[in-house]
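Visitor: I am new to this structure and would be grateful for a close look at a single part of it. Please take me through that part step by step.

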Amino acid sequence: AAPALPGRPVDWRAVVEQAIADTLPVIESRDAQVEVEWPVGGVEPMPLAGDAGLLASLLRNLVDNAVR
């Protein structure tokens, strides 16, 4: 079995909401729209342990690239 990765429980919703809030100026400047469906497909996300800060940074980068 693979070794467990260190981390703390991550609140998916908070990470996604923060990433959208952080990129809102770019989204608005591009006259773009971002829609978040929660829970995705009506299914709650699996529990996740990790680094919430790094996940938020990853999501900000993805959203930023998507609207550019």
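The answer below looks at one helix and the residues that it meets.

Guide: Please bear in mind that the model is predicted. The part chosen here is helix α1, which covers residues 12–29.

A good place to begin is T23, which belongs to helix α1. Is T23 buried or exposed? Its relative accessibility is 5%, and the cut-off for a buried residue is under 20%, so T23 counts as buried. Leaving aside residues up to four places away in sequence, T23 is in contact with R60, V63 and D64. Two of these partners, R60 and D64, return below in connection with salt bridges.

Beside T23 in the sequence stands D22, also in helix α1. D22 has a relative accessibility of 37% and is therefore classed as partly exposed. Which residue forms a salt bridge with D22? The partner is R60, and the closest N and O atoms of the pair are 3.2 Å apart. This salt bridge links distant parts of the chain, since D22 is in helix α1 while R60 is in helix α2, made up of residues 52–67, and 38 residues separate the two. R60, like D22, is partly exposed, because its relative accessibility is 27%. As a general matter, side chains of opposite charge can pair when their charged atoms come close.

How many salt bridges does the whole structure contain? A search finds 2. Besides the pair of D22 and R60, there is a salt bridge between R68 and D64, with 2.8 Å between the closest N and O atoms. The side chains of D64 and R68 are also joined by a polar contact of 2.8 Å. D64 is located in helix α2, and it is buried because its relative accessible area is 18%. R68, by contrast, counts as exposed, because its relative accessibility is 56%. D64 also leads back to helix α1: not counting residues up to four places away in sequence, D64 touches T23 and V26.

Two further residues complete the view of the helix itself. A21 is placed in helix α1 and is partly exposed, because its relative accessible area is 45%. From C-alpha to C-alpha, A21 and R8 are 22 Å apart in space, with a separation of 13 residues in sequence. E28 is likewise in helix α1. Its relative accessible area of 55% is over the 50% cut-off, so E28 is exposed. E28 and V67 are 39 residues apart along the chain, and their C-alpha atoms are separated by 9.4 Å.

Beyond the helix, the chain continues into the loop between α1 and β2, where D31 lies. D31 is exposed because its relative accessibility is 71%. Most residues other than glycine have a negative phi. D31 is not a glycine, yet it has a positive phi of about 55°.

Finally, which residues line the largest pocket? The lining consists of W12, V16, E35, V36, E37, W38, P39, V40, V43 and P45. Of these, W12 and V16 fall within the residue range of helix α1. The volume of this pocket is about 170 Å³. Its lining comprises 8 nonpolar and 2 charged residues, with no polar ones.

Technical notes: Residues numbered from 1 in each chain as written. Predicted model: local features only at pLDDT ≥ 70, side-chain atom pairs only at ≥ 80, totals over all residues. Heavy atoms only, no water. Helix = DSSP H or I, 4+ residues; strand = E, 2+ residues; numbered from the N terminus. Buried < 20%, exposed > 50% of the residue type's maximum accessible area, 1.4 Å probe, protein only. Contact = heavy atoms within 4.5 Å. 1 Å grid on protein atoms, 1.4 Å probe; cavity = no way out; pocket = protein on both sides within 12 Å on 5 of 7 lines; lining within 4 Å. Points joined across faces, edges and corners; volume = space filled by probe spheres on them. Nonpolar A, V, L, I, M, F, W, Y, C, P; charged D, E, K, R; others polar. Salt bridge = Lys/Arg side-chain N within 4 Å of Asp/Glu carboxyl O. Polar contact = N/O pair within 3.5 Å; in protein donor to acceptor, adjacent residues only side chain to side chain.
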